[in-house]
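Visitor: I would like to learn how to read the contact between two chains in a model, and then a few local features of the backbone. Could you take me through them in order?

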Number of protein chains: 2
Amino acid sequence: MKRRLSILGSTGSIGTQALEVVDNLSAELQVVILTAKSNVSLLAEQARKYSPEMVALADETRLPELRRLLADPDITVAGGRSGLLEAASRSDVDLCLNGLVGVAGMEPTIAALEAGTDVALSNKESLVMAGDHITGLLQESNVQLFPVDSEHSAIWQCLTGEDLSQVRRLILTGSGGPFRTWTREQMEKVTVREALQHPNWDMGPKITVDSATMMNKGLEVIEARWLFGLGPDRIDIVVHPQSIIHSMVEFVDSSVKAQLGVPDMKVPIQYALTYPDHQPAEWPRLDLAEIGQLTFEPPDPGKFPCIALAFEALERGGSAPAVLNLANDRAVAAFLSEQIGYTTIPRILEQALAAHPYVAHPTLADIASLTEWTDRYFQEELGWEAGR
Amino acid sequence: MKRRLSILGSTGSIGTQALEVVDNLSAELQVVILTAKSNVSLLAEQARKYSPEMVALADETRLPELRRLLADPDITVAGGRSGLLEAASRSDVDLCLNGLVGVAGMEPTIAALEAGTDVALSNKESLVMAGDHITGLLQESNVQLFPVDSEHSAIWQCLTGEDLSQVRRLILTGSGGPFRTWTREQMEKVTVREALQHPNWDMGPKITVDSATMMNKGLEVIEARWLFGLGPDRIDIVVHPQSIIHSMVEFVDSSVKAQLGVPDMKVPIQYALTYPDHQPAEWPRLDLAEIGQLTFEPPDPGKFPCIALAFEALERGGSAPAVLNLANDRAVAAFLSEQIGYTTIPRILEQALAAHPYVAHPTLADIASLTEWTDRYFQEELGWEAGR
């Protein structure tokens with residue numbers, strides 16, 4: 001029996017790599033649902049190749065184009081946000097890979113889990129925004145969440161067969177991004193193009209900017225808190241520019257386990273899709289003698305203020321991590337559209353964290369209100385920024 | 001219920017560190033047997049501190065001295081080789097830590113396993129000499145072998161919860177010893193004092209010399225073959241001078257797991273004594289940001305010919321690994337007593353391997369004959385060497 005997969009965000013960076021994994025394991029994995037935001041031609045091409053039972057396109061305006069390109073009566077076509085949620089809610093799949101980027105990925109994670117489907121989660125915003133709610137769902141039911149991020153997959157793999165109560169701390173590694181060796185003055189003038197050049201990983205633009213600011217690492221700390229149930233005082237970050245050690249677990253006897261590999265998202269994607277098995281794959285193999293050296297340094301708080309903001313939000317709890325993430329989404333978008341400068345990102349996040357109407361135990365309705373609040377806040381702030 | 005331990009070689013490097021582990025976990029571990037070769041004063045001191053049920057001293061001539069120092073009617077005192085084997089054969093212990101150095105440790109391992117006692121094995125010669133025989137004992141019975149070597153402990157920890165059939169290869173790390181950066185000409189003149197200065201680990205003289213020649217790593221490859229059941233084509237060595245990554249496992253999906261830590265034998269010793277648990281210990285913690293860099297290089301076959309000899313012996317199988325090990329014991333002893341030079345070690349091993357009467361399936365009796373053969377061979381060779 002093949003494992004039946006839905007892939008949310010199949011035309012994105014994670015989605016296309018997940019389909020390479022499916023190609024590698026076509027005897028084990030079957031794609032039954034594909035969804036995309038707006039890349040109609042690629043989605044149609046994928047649908048022709050994998051013959052899913054359903055495709056969904058979030059951008060409803062391009063739905064007629066998709067129907068015309070597909071012209072396959074065996075494939076159900078759905079559109080808009082409701083189509084995406086319908087795809088995520090299908091209970092006749094074994095595993096839903098959520099490769100959506102940003103807050104848009106949160107509801108589909110919850111929909112899949114509520115439908116009783118295990119989720120391979122690449123969308124880190126799901127846990128950052130609604131970690132408490134999702135943890136509750138997991139505890140109430142039989143469903144499981146499998147991390148796809150290279151860092152969390154590393155920790156998950158290091159915890160195989162181990163007892164979480166014997167863990168002293170988690171150590172997340174981060175490359176330090178393209179600006180690790182820049183001065184603060186140089187960082188004042190970072191361009192969008194410079195921020196999109198990640199040294200090791202091939203990812204989408206939002207995550208690449210998050211990697212440059214190391215907010216990515218901050219959000220991963222928050223995500224790790226929910227995935228593994230350890231507080232911020234038991235999660236550390238070390239900068240490791242080569243991205244070979246993907247993360248580590250230190251046990252109470254000072255023994256440390258690490259997961260390593262050539263930077264290639266297909267490895268953690270495949271592991272999440274084939275868990276608990278390692279399935280054969282001819283991905284590039286690690287050759288440490290050829291690499292020669294691995295280096296490590298503490299993250300510089302002056303250069304990467306987003307890390308401290310993430311720890312602060314996690315310590316504060318309640319609505320703080322959600323607002324940090326919502327504000328970061330908007331700040332990165334504003335930077336990518338050249339509305340704000342690079343160093344404005346942490347400044348505006350700090351302001352938003354301080355200014356937002358704090359809620360100690362946010363419901364999904366509260367998260368919706370906070371989303372509206374953040375939108376208004378950014379309209380005002382960006383107006384202010386534009387008028388400077 | 002405390003775990004009842006026997007410690008063979010309690011006054012040696014592994015034995016004394018094992019007692020530090022017992023001090024750390026006195027609520028979990030109880031020492032019931034201690035044995036030493038000849039260090040009467042330390043054995044007596046240990047016996048007074050831990051109140052074992054039995055002590056054994058291999059050097060029978062010093063037994064009266066031990067009895068006088070101890071003067072405790074509750075402690076059974078045994079002497080000589082038979083006393084050591086009696087201690088190893090006691091079936092009323094839960095775990096026997098074999099910290100003996102050299103071939104002398106083989107029989108006690110077999111005696112303990114035959115008595116139904118699990119063995120925490122530091123003595124690598126047991127498996128190198130009698131891997132086939134010991135593997136047979138483990139398959140026939142319920143007893144288990146727990147590795148104590150930092151490298152094998154690392155691999156064992158990386159395999160926790162994993163399926164051995166999904167392993168692509170084992171990667172043993174080795175520091176490269178004190179002569180890694182020396183030229184071959186400099187190595188011609190290595191003194192005993194220089195060979196005993198290991199950069200990272202505090203070990204006994206025999207193992208320290210083996211570490212300098214990297215025969216240690218070669219013997220570990222042979223040991224790994226028996227511990228984990230993988231052939232020599234699936235075991236690699238990488239030189240890693242900092243000894244922070246203690247060894248690695250590569251799975252078939254190219255994911256690599258490593259176990260890391262500050263070089264401290266107490267960590268693998270404790271893990272073997274508390275398996276499957278990691279128990280709290282305030283051993284020094286790994287700080288990769290402080291260490292800064294880890295380096296890796298392929299082992300230089302010209303500088304470390306012992307590695308190729310070990311792989312050759314493993315490929316040949318039968319009596320070859322046993323003879324390699326017997327000859328190495330004698331060659332290192334001859335070097336330590338300044339009878340032969342440092343670079344004569346691999347040369348004499350190669351000769352012994354080629355000259356020995358090969359046995360395809362050696363019994364324990366064959367191993368005894370091979371031991372006599374090696375003794376005669378070295379008497380002749382060393383006579384020849386002395387007369388050069």
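Guide: We shall go from the interface to the symmetry, and then to some local features. Please keep in mind throughout that this is a predicted model.

Visitor: How many residues does each chain give to the contact, and what is the area buried between chain A and chain B?

Guide: The size of an interface is often given as the accessible area lost when the parts come together. Here the area buried between chain A and chain B is about 3,700 Å², and carbon and sulfur atoms give 51% of that value. The contact draws on 45 residues from chain A and 45 residues from chain B.

Visitor: How many salt bridges are there between the two chains, and how many residue pairs are in polar contact?

Guide: Side chains of opposite charge can pair when their charged atoms come close. Between chain A and chain B the count is two salt bridges. One salt bridge joins Arg285(A) to Glu250(B), with 3.0 Å between the closest N and O atoms. As for polar contacts, 30 residue pairs across the interface qualify, both residues of each pair being at pLDDT 80 or more.

Visitor: Which elements of chain A give two or more residues to the side that touches chain B?

Guide: Among them are the helices α7 (150-158) and α12 (266-274), together with the strands β8 (167-174), β10 (245-251) and β11 (256-260), all of chain A. The element that gives the most is β11(A), with five residues. If one sorts the residues on this side of chain A by type, they divide into 22 nonpolar, 13 polar and 10 charged.

Visitor: In what sense, parallel or antiparallel, do β11(A) and strand β11 of chain B pair?

Guide: The pairing of β11(A) with strand β11 (residues 256-260) of chain B is antiparallel and runs over five bridges. Within that pairing, Gln259(A) has Lys257(B) as its bridge partner in β11(B).

Visitor: What turn and what shift lay chain A on chain B?

Guide: A turn of 180°, with a shift of 0.0 Å along the axis, lays chain A on chain B with an RMSD of 0.0 Å. That is the relation of a two-fold axis. The C-alpha of chain A nearest the axis belongs to Gly161(A), at 2.0 Å from it. The copies meet through the same surface, because 100% of the interface residues of chain A are also interface residues in chain B.

Visitor: How many salt bridges does a search of the whole structure find?

Guide: The search finds 46 salt bridges over all chains. One case within chain A is the salt bridge between the side chains of Lys217(A) and Glu220(A), at 2.8 Å from N to O. Both residues lie in helix α11 (residues 215-228) of chain A, where they are three residues apart, about one turn of the helix.

Visitor: Which peptide bond in chain A is cis, and where does Ser51(A), with its positive phi, lie?

Guide: The cis bond runs from Tyr275(A) to Pro276(A), with omega near 5°, and Pro276(A) sits in the loop between α12 and α13 of chain A. In chain B, a cis peptide bond likewise joins Tyr275(B) and Pro276(B), with omega about 5°. Ser51(A) has a positive phi of about 45° although it is not a glycine, and its place is in the loop between α2 (40-50) and β3 (54-57) of chain A.

How values were computed:
Residues numbered from 1 in each chain as written. Chains lettered and ligands numbered in written order. Predicted model: local features only at pLDDT ≥ 70, side-chain atom pairs only at ≥ 80, totals over all residues. Heavy atoms only, no water. Contact = heavy atoms within 4.5 Å. Buried area = accessible area lost by both parts, 1.4 Å probe. Salt bridge = Lys/Arg side-chain N within 4 Å of Asp/Glu carboxyl O. Polar contact = N/O pair within 3.5 Å; in protein donor to acceptor, adjacent residues only side chain to side chain. Helix = DSSP H or I, 4+ residues; strand = E, 2+ residues; numbered from the N terminus. Nonpolar A, V, L, I, M, F, W, Y, C, P; charged D, E, K, R; others polar. Pairing = 2+ DSSP bridges. Least-squares fit on C-alpha atoms with pLDDT ≥ 70 in both.
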